[in-house]
Amino acid sequence: MASLADNLRKIDPYVAGEQPNYPDMIKLNTNENPYPPAPGVLAALEAFDSGVLRLYPSTDASKLRKAIAGYHGVSEKQVFVGVGSDDVLANIFQSCFNSGIPILFPEVTYSFYRVWANLYGISYRLTPMRQDFTIDKKDYIGNENGGVVIANPNAPTSIFMPLEDIRDIVEANSERVVVIDEAYVDFGGESALALLDTHPNLVVVRTFSKSRSLAGLRIGYAVASEQIIATMESVKDCINSYPMNCTAIEVGAASLDDEAYFRGRIEAIVKTRAVLTEGLKKLGFTVMPSSANFVFASHPGIDAGTILSRLRQKHIYVRHFNSEPVKDYLRITVGTDEQVDRLLAALKEITDEI
Ligand code: PMP
């Protein structure tokens, strides 16, 4: 007879970066933004009428969708919002990859993609990376597939693929969905949003978690053709009619208002990224060219796991993926100048000692 355990799903979940909480810690392990969200966010929170919490929110989060559509100059019907881009991507995996033919994504990329594929029973093939961790567009052209997912800039490598290559991939796969996950695009590189008008098979995914400093509010979105968005809405309505809470809808919409603040903080992070990259190189690290709010670095003489645990002892947190071909690398989020100075000083101590 089947046991209780036989009835329960066995699956390897995605493992998120830890969320430690020490007053003196330097947390550079989950690509959060070190700066506060736009001042309009605080104003919207203060003005928030808690009376609305009695009611269910709008089923399609229309205020937030309208704000995002206005920001990008597209129709509201081309925007889908979710509880972080993780929620949006999970929906895409359910809505868009139904051919039974394996989907393609790179061997080194956001590790959640294979978790969703496994969860939803979607077969997939991993495309190899070049030696320098760049992606070869040829792997996605003339290679039969049921869809494509590419993070651009890629994570955890931080490397950006030129828009011409993305265009070639989207064009070569016009009969299936190509997803470009642009979680980090505000920090460098060119967005594939420019291709949307001419490519109805393209889905661009964005998040408020990184460049908008709102990881805690959980807002992500997809921009695509009306046909794809309508499919995603139907799938959403098979799971949860009200995924976006009232606060996220109000406050998220307000966060799009202050473009000058937004650009200013991105500029600060890009400047600090250069300081971090140079500092790491001086200490002997190899650093990938980053277009994101993190860098990917390895030390030729010291094991990445050792550096990780030595930093942990000092309450400095970075991320290490202990598997080939990236086990020699650490992914380090760009913090404030002060945080980066303290990190570099700690790394100097560690590299001097070993
Ligand atoms: N895509 C990529 C490439 C990411 O690194 C992350 C962050 N873990 C996400 C999507 C999801 O971010 P969020 O759910 O906070 O929008």
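**Loop with Pro153.** I started at Pro153, which sits in the loop between strand S5 (148–151) and helix H5 (163–172). This is a predicted model, and I keep that in mind throughout. I checked the bond leading into the proline: Asn152 to Pro153 is a cis peptide bond, with omega near -5 degrees.

**Another cis bond.** I then went to Pro325, in the loop between strand S12 (319–320) and strand S13 (329–333). Glu324 and Pro325 are joined by a cis peptide bond too, with omega about 0 degrees. I noted both because most peptide bonds are trans.

**Phi of Phe133.** While on backbone oddities, I looked up Phe133 and got a positive phi of about 70 degrees, although this residue is not a glycine. Phe133 belongs to the loop between strand S4 (124–127) and S5. For non-glycine residues a negative phi is what one mostly finds.

**H3 with H4.** Next I turned to helix packing. I read off an angle of about 45 degrees between helix H3 (residues 84–96) and helix H4 (residues 112–119), with 10 Å between the axes. That makes H3 oblique to H4. I have the crossing down as right-handed. From H3, the residues in the contact are Asp86, Leu89, Ala90 and Phe93, and H4 answers with Phe112, Tyr113, Trp116 and Ala117. I sorted this contact by class and got seven nonpolar residues, one charged and no polar.

**H3 with H6.** H3 also packs on helix H6 (residues 226–237): I find their axes coming within 9 Å and crossing at roughly 100 degrees. Roughly perpendicular is therefore my label for H3 and H6. H3 brings Val88, Asn91, Ile92, Gln94, Ser95 and Cys96 to the contact, and H6 brings Ile228, Thr231, Met232, Val235 and Lys236. My class tally here is six nonpolar, four polar and one charged.

**H8 with H10.** What angle do H8 and H10 make? I get about 5 degrees for helix H8 (residues 259–282) and helix H10 (residues 337–353), with the axes 10 Å apart. H8 and H10 are therefore roughly parallel. I listed Thr272, Val275, Leu276, Gly279 and Leu280 on the H8 side, meeting Asp337, Val340, Leu343, Leu344 and Leu347 on the H10 side. Seven of these contact residues are nonpolar, two are polar and one is charged.

**Largest pocket.** I moved on to empty space. The largest pocket comes out at a volume of about 1100 Å³. I counted 45 lining residues, and closest to the pocket centre are Tyr14, Val15, Tyr110, Ser111 and Arg319. H3 and H4 turn up again here: with strand S3 (103–106), they are the elements that give two or more residues to the lining. By class I have 21 nonpolar, 13 polar and 11 charged residues around this pocket.

**Cavities.** How many cavities of 30 Å³ or more does the structure hold? I found three. For the largest cavity I noted a volume of about 80 Å³. Its lining consists of Asn33, Ala38, Ser211, Arg212, Ser213, Ser255, Asp258, Tyr261, Phe262 and Arg265. I split that lining into three nonpolar, four polar and three charged residues.

Definitions and conventions. Residues are numbered from 1 along each chain as its sequence is written. This is a predicted model: local features need pLDDT of at least 70, side-chain atom pairs count only at pLDDT 80 or more; totals for chains, interfaces and linings use all residues. Side-chain values use heavy atoms; hydrogens and water are left out. Axes are lines fitted to C-alpha atoms, for helices over the stretch in contact, and angles run from 0 to 180 degrees between N-to-C directions. Helices (H or I, at least four residues) and strands (E, at least two) are DSSP runs, numbered from the N terminus. Angles under 35 degrees count as roughly parallel, over 145 as roughly antiparallel, 65 to 115 as roughly perpendicular and the rest as oblique. A crossing is left-handed if the near helix is turned anticlockwise from the far one by less than a right angle, and right-handed if clockwise. Contact means heavy atoms within 4.5 Å. Ala, Val, Leu, Ile, Met, Phe, Trp, Tyr, Cys and Pro count as nonpolar, Asp, Glu, Lys and Arg as charged, and the others, Gly among them, as polar. On a 1 Å grid over the protein atoms alone, a cavity is a set of points where a 1.4 Å probe fits but cannot get out, and a pocket is an open set with protein on both sides within 12 Å along at least five of seven lines; lining residues have an atom within 4 Å of a point. Grid points are joined across faces, edges and corners, and a volume is the space filled by probe spheres set on the points.
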